[in-house]
Amino acid sequence: MSESMELSQSVRLERDGDVALVIVNNPPVNALSWHVRQGLFDGMTQAVESGAKAIVVICDGRTFIAGADISEFGGNVPKAAGLQEVQAAMEDAPIPVIAAIHGTALGGGLEVALCAHYRVSVPSARFGLPEVNLGLLPGAGGTQRLPRLVGVPKALEMMTTGRHVSSAEAQAGGLVDEVISGDGLEELKAEAVAFANKAVAEDLPLVRVRDRDDKVAEAKGNDQLFADFRKSIARKTRGFLAPEYNIQCIEAAANLPFDEGLKVEGKLFMELMTGPQSGAQRYYFFAERAANKIPDIAKDTPLIDVQKVGILGAGTMGGGIAMNFVNVGIPVTIVERDQASLDKGLGVVRKNYERSRSTTAEQVEERMSLITGSISKHDFADCDMVIEAVFEDMELKKTIFKELDEICKPGALLASNTSALDVNEIASVTSRPESVIGMHFFSPANVMKLLENVRGDKSSDSVVATTMAIGKKIKKVSVMVGVCPGFVGNRMLFMRGAEAERMLMEGATPAQIDSVLYNFGFPMGPFSMSDLAGLDIGWKQETSSSSTIREILCENGRRGQKNGRGYYTYDPDTRAATPDHEVEQLIKDFAVSKGHEQREVTEQEILERLLYPMVNEGAKILEEKIAIRGSDIDVVWVNGYGWPVYRGGPMHWADSIGLAEIVSKIESYNESLGGKHWDLSPLLKSLAESGGQLQTHAS
Ligand code: HSC
Ligand code: NAD
């Protein structure tokens with residue numbers, strides 16, 4: 001190996017015999033920052049000028065290039081070679097160019113690799129065009145090259161989901177030419193050099209993906225193929241622009257010459273890049289990563305070694321929580337109050353696994369074997385953390401934490417899955433409040449991504465850090481918040497719920513309110529949600545006194561989806577919901593009996609009255625330092641409550657509307673409607689006056 005020569009701050013040139021190595025080193029993920037592009041461009045020309053007979057492009061560190069540098073989008077970037085110039089230099093090089101891939105070749109990274117004449121990878125490498133998840137499409141020729149290598153159906157699937165495919169799948173589909181046997185970077189380098197020498201010795205053709213048309217020929221003029229695909233993803237991609245734009249580019253790849261297709265790609269890319277959806281999704285990408293950082297917790301804070309987890313309660317939440325841990329191989333002891341409840345809970349867990357298409361029969365047994373059921377809390381004695389998921393009752397939780405304090409080993413982390421109760425009060429009954437924390441999972445706990453961790457006043461640094469680390473391990477999106485009734489998510493939801501109820505009394509219908517939220521991008525509105533959960537949760541016939549709409553519906557035999565009648569009537573076969581005149585009349589009669597005048601409520605008013613109190617509450621949450629930063633609130637709402645990610649989250653959305661506008665509306669609703677949730681947050685007011693933002697506000 002020759003001396004290395006710096007081409008730019010992140011790219012160097014080395015030599016191994018006849019082969020030039022262009023090596024990228026731009027931690028953490030070798031993103032295509034301007035200096036990487038410049039180095040790659042110069043690397044191609046200098047390698048050729050130096051008399052090398054082949055070139056290997058490879059990266060240091062944990063991964064091949066993982067994409068464009070997202071932080072450069074929309075910013076001021078020093079002038080350097082454009083990505084297309086880099087790609088042309090590779091594709092048109094007069095000697096073989098081999099991309100050597102480990103880690104993840106994503107987005108612009110894969111688009112660079114697609115301009116090499118050959119691709120070699122380690123078995124653990126993964127490949128993808130995930131731009132769709134940033135509200136974008138691959139803007140560096142990927143939309144035209146990927147279908148030419150893997151065919152249209154596979155490109156459609158990869159680009160509209162952003163899925164990462166394995167080396168084996170990539171090789172089978174034609175994306176990779178050789179998968180080496182080991183995973184080490186040195187081995188990859190050696191094998192890629194060997195491949196390059198072979199290419200020279202055997203005079204292998206300099207394959208330019210852009211020149212290949214064989215794999216797209218079948219889809220040319222085949223409108224039906226695209227129509228069917230659009231239909232198949234319609235439900236999942238409702239409201240998003242990027243999936244449709246990706247499809248249009250692939251249609252262009254099938255139907256137009258390469259350069260014409262590139263023009264379509266360029267135009268649609270710019271449209272997305274400058275639009276609000278991608279702006280929101282790119283913001284969200286960094287928001288999710290920022291949420292992992294807790295300013296006062298040092299990176300090297302010692303973690304509790306969690307080898308075994310205890311869960312108390314095998315109900316709706318306990319069973320789902322257990323699945324998260326066994327899915328990553330951590331054994332769980334789950335304790336119930338009696339054998340019947342335990343059997344029932346474990347039965348549901350088994351059924352969930354059996355129903356899941358991604359779990360084989362063998363895996364079901366493997367996972368179930370990691371769960372030990374018990375009816376004695378003493379079996380928690382060897383657990384490193386215990387999560388309580390019994391009924392939402394403070395006295396019960398306090399009794400239980402006293403017991404856990406006596407049973408659990410010193411240093412064990414004690415968590416409550418409470419949705420709204422005071423974690424400090426729960427901690428106060430133990431002799432070790434520093435070990436106590438809230439871990440608020442969302443239902444269904446094995447599916448929902450959000451983990452809203454609730455830091456008590458006395459939770460130790462190690463407990464805080466461990467809770468975040470374990471969240472990552474079980475593949476949740478974790479956010480750390482402080483103690484207040486309902487924490488971040490439910491506290492804001494209460495405000496939305498209060499206004500929804502109020503508007504029913506004024507004459508809006510459940511369907512009207514739900515449809516405003518559905519059209520905004522939520523999966524469903526509050527009344528569909530109540531029907532799904534069951535209207536009779538916490539309702540008792542004996543004490544029901546026709547004092548709320550919900551009571552009246554229950555008294556009229558309306559229990560929600562489970563008996564086909566709730567705020568809506570449900571088709572017994574399809575479960576499709578239809579608005580019900582009887583319900584509207586019941587609500588109207590009740591409202592009139594309470595002296596409420598009935599009127600038309602407009603969609604705009606519904607939207608404002610549902611969402612502005614949430615924005616106001618979010619600002620109060622920031623004021624009280626319950627959330628660390630505005631963007632954390634957005635992460636909670638996107639992952640826990642179905643806020644459409646293409647609108648960024650309530651804080652980002654409010655900023656995009658303009659805080660001054662929101663403040664003026666809140667003040668006017670406060671005057672006309674009143675209620676504590678309309679009292680204007682002083683922080684919101686001051687940010688509006690100073691031109692500040694909620695999304696970037698840090699407490
Ligand atoms: C793209 O490539 C567009 C192209 O089509 C080119 C368009 C050309 C336009 C031409 C116009 C004419 N940039 O996730 P982690 C940071 S779009 C900047 O915790 P992991 C991240 O913020 C891009 N920074 O690690 C974090 O920083 P922190 C397509 C990036 O191991 C740190 O790296 N590519 C970044 O769990 C670690 O990240 C993607 O969408 C980027 N591209 O996962 C891939 N990527 O430590 C996005 C990461 O300061 N990235 N960072 O917080 C990922 O999916 C994951 O980061 C990995 C690693 C799977 C790479
Ligand atoms: P659930 O009624 O479905 O389950 C509670 C389980 O706890 C029952 O199986 C019960 O037998 C068991 N239990 C009660 N007392 C016990 C005791 N002393 N010892 C052992 N087991 C006992 O309730 P859930 O919906 O799973 O809620 C559990 C907790 O999670 C609550 O604090 C709730 O607020 C919270 N939570 C619920 C949801 C949700 O959507 N259901 C979401 C987030 C958080």
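Biologist: Which side chain has an N or O atom 2.8 Å from an oxygen atom of ligand 1, for a start?

Modeller: Arg62 does: a side-chain N or O atom there sits 2.8 Å from a ligand 1 oxygen. Bear in mind that this is a predicted model. Glu131 also has a side-chain N or O atom 2.8 Å from an oxygen atom of ligand 1. With Ala66 the backbone takes part, putting an N or O atom 2.9 Å from a nitrogen atom of the ligand.

Biologist: How much of ligand 1 does the protein bury?

Modeller: Taken alone, ligand 1 exposes 1,100 Å², and the protein buries 72% of that.

Biologist: Which elements give two or more residues to the shell around ligand 1?

Modeller: Those are E6, helix H3 (108-113) and helix H11 (276-290). H11 gives the most, with three residues. In total 24 residues surround the ligand, and the closest are Arg62, Glu111, Glu131, Arg289 and Lys293. By type, the shell splits into 13 nonpolar, five polar and six charged residues.

Biologist: E6 is a strand, then. How do I read the sheet with the order E6-E8-E9?

Modeller: The general idea is that strands of a sheet pair through backbone hydrogen bonds, either parallel or antiparallel. Here three strands make an open sheet with mixed pairing. E6 (104-106) and E9 (165-166) stand at the edges with a single partner strand each, so one side of each has no neighbour in the sheet.

Biologist: In which sense do E6 and E8 pair, parallel or antiparallel?

Modeller: Parallel, over three bridges, with E8 covering residues 126-128. To find the pairing on screen, look for Ala105, which stands opposite Phe127 in E8.

Key. Residues numbered from 1 in each chain as written. Chains lettered and ligands numbered in written order. Predicted model: local features only at pLDDT ≥ 70, side-chain atom pairs only at ≥ 80, totals over all residues. Heavy atoms only, no water. Pairing = 2+ DSSP bridges. Helix = DSSP H or I, 4+ residues; strand = E, 2+ residues; numbered from the N terminus. Near = heavy atom within 4 Å. Polar contact = N/O pair within 3.5 Å; in protein donor to acceptor, adjacent residues only side chain to side chain. Areas by Shrake-Rupley, 256 points an atom, 1.4 Å probe, with all protein chains shown as cover. Nonpolar A, V, L, I, M, F, W, Y, C, P; charged D, E, K, R; others polar.
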